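The following exercises treat strands, crossovers, a nonpolar core and the surface. Please work through each task before reading its solution.

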Amino acid sequence: MPELEKVTINMSPVDLGKIDLLVGEGSYSNRTDFIRMAVRNQLEKHNIEIQQSVTRNAWMIGAMSIGNGDLAKYAQGAKRVNLNVVGYLKLAKDLDLALATQVLGTIKVRGVLDVTPEQRKALAAHFDN
């Protein structure tokens, strides 16, 4: 699982200058440190809404990896399995795509979806991103 994902944002020169001012004063080590802290503060501020959404929509938070063993277990059930992940979902490179198509319902990922181009094409109808 990648530890960090790169995100590009556009900011006004004035806002950027204010960040640089705080960095120059030693309040933050660099721009990235400031932006990371601002994002964490906003996520903490909205923690209740996040938890309610996670509960309401049965989201799994963290990292999840799906392999052929998982698909075999899912196939024993009577229903299709929906994957709702906040964080990181990786499908094994050797995943049985015919079985995956059969047992998986919707696949929703809020974060990073790590799949091969072949998997993306074969499971396109399942992805709800």
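**Exercise 1.** Determine the handedness of the β-α-β unit made by β2, α5 and β3.

*Solution.* Step 1: locate the elements, which are DSSP runs numbered from the N terminus (helices: H or I, at least four residues; strands: E, at least two). Strand β2 covers residues 81-91, helix α5 residues 97-103, and strand β3 residues 104-114. Step 2: apply the criterion, by which a crossover is right-handed if, with the strands pointing away from the viewer, the path from the first strand over the helix to the second runs clockwise. The unit of β2, α5 and β3 is right-handed.

The model is predicted: local features need pLDDT of at least 70, side-chain atom pairs count only at pLDDT 80 or more, and totals for chains, interfaces and linings use all residues. Residues are numbered from 1 along each chain as its sequence is written, and side-chain values use heavy atoms, with hydrogens and water left out.

**Exercise 2.** State in which sense β2 pairs with β3 and with β1, and name bridge partners.

*Solution.* Step 1: two strands pair if DSSP finds at least two bridges between them. Step 2: β2 and β3 pair in the parallel sense over nine bridges; here Y88 has V112 in β3 as its partner. Step 3: β1 (residues 60-66) and β2 are also paired in the parallel sense, over seven bridges. In this pairing M60 is opposite V85 of β2, and S65 is opposite K90 of β2.

**Exercise 3.** Identify which elements give two or more residues to the largest nonpolar core.

*Solution.* Step 1: a nonpolar core is a set of buried (under 20% relative accessible area) Ala, Val, Leu, Ile, Met, Phe, Trp, Tyr and Cys residues joined through side-chain atoms within 4.5 Å. Step 2: the largest core has 19 residues, and those touching the most other members are I66, L71, Y74, L83, L89, L104 and I107. Step 3: α4, β2, α5 and β3 each give two or more residues to this core. Its largest share, five residues, comes from β2.

**Exercise 4.** Decide whether A58 is buried or exposed.

*Solution.* Step 1: A58 lies in the loop between α3 (47-56) and β1. Step 2: exposed means over 50% relative accessible area, with a 1.4 Å probe and protein chains only. Because its relative accessible area is 56%, A58 is exposed. Step 3: although A58 is not a glycine, its phi is positive, at about 55 degrees.
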